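Grab a coffee and open the viewer: here are a few exercises to work through with the structure on screen. Try each task on your own before reading the solution.

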Amino acid sequence: MGRGEELSDFQRGTVVGCHLCQKSTREISALLALPQSTVSSVIVKWKRERITTTLPRCGRPQKLREEHRQILERVAREKCFTSIEALTAEFQSASGTVVSSNTIRRELHEMGFRGRVSSYSKARGGKRVVKKQAAPRRDDGDADVSRLDLRVGQILTAEQLPDTDSLFMEQVDVGEASPRTVVSELAKHISVDQVLNRMAVLVCNLEPAVTKGFTSQAVLLCARSSDGVEILDPPSGAVPGDRVTCQQFSGYPDKESTLEKKVWEHIQPDLRTDAQRVATYKGAAFGVEGKGVCTVQTMTNSEIK
């Protein structure tokens, strides 16, 4: 299939049919000669909306969907653009969604951004001169849980990696335009059936790691002890893309894919479940605002990693 080419309704229906027949994303991709990312996107759309067709649009959308707002927030925090047009172009590239610059400006204002994309002045001849802003250096010694980009995700597909006895490869919806590939060391403790379609909590801004030739784009958080492993449960009502935060630590996450391993190693030892099975950081519970805290089924006073 050529780049940018749309799938027909028949192709989309065939992808969903194969999925319902318990075929993996990789198997469907090989069978239909489609990219795995395309197959995953079709399955995600079907799971969310129970449709396979591409519906016609009636004019420009006035509001962004929640997952697109989260992408816009990330782009706005990571980039220091000189114009709203440049930020709009970057957002469209990251999300695959076409919107006007007026929509982007309105959404940014609603998020509380003010003057972020207008840090430039005009020199002679009308040319724009960008004012360089030095990014503040973050002290690794003061790192806390707020530097983690923690999100709720839904595990859409899972399969054991060939020639391994401990690794699963999952496609996880974290509220973005397409699922993320995640490699997790779960196969010795949890069956595929226990993983499929369940909600989870993921760290989404660690540097990608390559395992057995596959790039893992996030870390699936689990409580672990000598007795076994349990995946963290988000609160009831949480949806893919919801932010997981700890109110006692009000910082902001590092940019996507830039959280260094040493920062994660500094934070991780203080992630534990308490006596009530609640996920905590330095004893303070973390969860989704307005929906509750994250928990595990049975494991108390256990490390989370």
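**Exercise 1: a strand pair at the sheet's end**

In which sense do strand β6 (residues 199–203) and β9 pair, and over how many bridges?

Solution. Keep in mind that you're looking at a predicted model.
- Step 1: follow β6 alongside β9, and you'll find that they pair in the antiparallel sense, over two bridges.
- Step 2: pick out one of the partners; V203 has V219 in β9 as its bridge partner.
- Step 3: zoom out to the sheet, an open one of five strands in the order β5-β4-β3-β6-β9, with antiparallel pairing.
- Step 4: find the edges, which are β5 (180–185) and β9 (219–220), each pairing on one side only.

**Exercise 2: inside the sheet**

Work out how strand β4 (residues 167–173) is covered and what it pairs with.

Solution.
- Step 1: count the buried residues of β4, and you get seven of seven, so the strand is mostly covered.
- Step 2: sort them by direction. L167, M169, Q171 and D173 point one way, F168, E170 and V172 point the other way, and all are buried. That fits the general pattern, as side chains in a regular strand alternate between the two faces of the sheet.
- Step 3: look at β3 (residues 150–160), which pairs with β4 in the antiparallel sense over six bridges. Here Q154 stands opposite D173.
- Step 4: check the turn. The hairpin of β3 and β4 has six residues between the strands, and D163 in it takes a positive phi near 65 degrees.
- Step 5: do likewise with β5. It pairs with β4 in the antiparallel sense over six bridges, and V182 in β5 stands opposite E170. The hairpin of β4 and β5 has six residues between the strands, with G175 at a positive phi near 85 degrees.

**Exercise 3: a charged residue in β4**

Is E170 buried or exposed, and which residues does it touch?

Solution.
- Step 1: place E170 in strand β4.
- Step 2: read its relative accessibility, 1%. The cut-off for buried is under 20%, so E170 counts as buried.
- Step 3: list the contacts, skipping residues up to four places away in sequence. E170 touches I155, T157, A158, R180, T181, V182, V183, S184, L186, V195 and L220.
- Step 4: take V195 from that list. E170 and V195 are 25 residues apart along the chain, and their C-alpha atoms are separated by 8.9 Å.

**Exercise 4: a strand covered on both faces**

Describe β11 (residues 228–231) and its partner strand.

Solution.
- Step 1: check the two faces of β11. G228 and E230 sit on one side, V229 and I231 on the other, and all are buried.
- Step 2: find the partner, strand β10 (residues 222–225), which pairs with β11 in the antiparallel sense over four bridges.
- Step 3: match a pair, such as A223 with its bridge partner E230 in β11.
- Step 4: trace the connection, a hairpin that joins β10 to β11 through two residues.

**Exercise 5: two helices meet**

At what angle do helix α4 (residues 66–78) and helix α6 (residues 101–111) pack?

Solution.
- Step 1: two packed helices are described by the angle between their axes and the distance between the axes.
- Step 2: for α4 and α6, the angle is about 80 degrees and the axes are 11 Å apart.
- Step 3: angles of 65 to 115 degrees count as roughly perpendicular, and α4 and α6 are therefore roughly perpendicular to each other.
- Step 4: name the contact residues: R69, L72, E73 and A76 of α4, and I104, E107, L108, E110 and M111 of α6.
- Step 5: classify them, and you get five nonpolar, no polar and four charged.

**Exercise 6: T88 and S250**

Which of these two residues is buried, and which is exposed?

Solution.
- Step 1: T88 is in helix α5 (residues 84–95). Its relative accessible area is 5%, so T88 is buried.
- Step 2: beyond its neighbours within four places in sequence, T88 is in contact with V99, S100, S101 and I104.
- Step 3: S250 is in the loop between β11 and α8 (261–267). Its relative accessibility is 72%, so S250 counts as exposed.
- Step 4: S250 and D144 are 106 residues apart in sequence, and 9.5 Å apart in space, C-alpha to C-alpha.

Terms used
Residues numbered from 1 in each chain as written. Predicted model: local features only at pLDDT ≥ 70, side-chain atom pairs only at ≥ 80, totals over all residues. Heavy atoms only, no water. Axes fitted to C-alpha atoms, helices over the stretch in contact; angles between N-to-C directions. Parallel < 35°, antiparallel > 145°, perpendicular 65-115°, else oblique. Contact = heavy atoms within 4.5 Å. Nonpolar A, V, L, I, M, F, W, Y, C, P; charged D, E, K, R; others polar. Buried < 20%, exposed > 50% of the residue type's maximum accessible area, 1.4 Å probe, protein only. Pairing = 2+ DSSP bridges.
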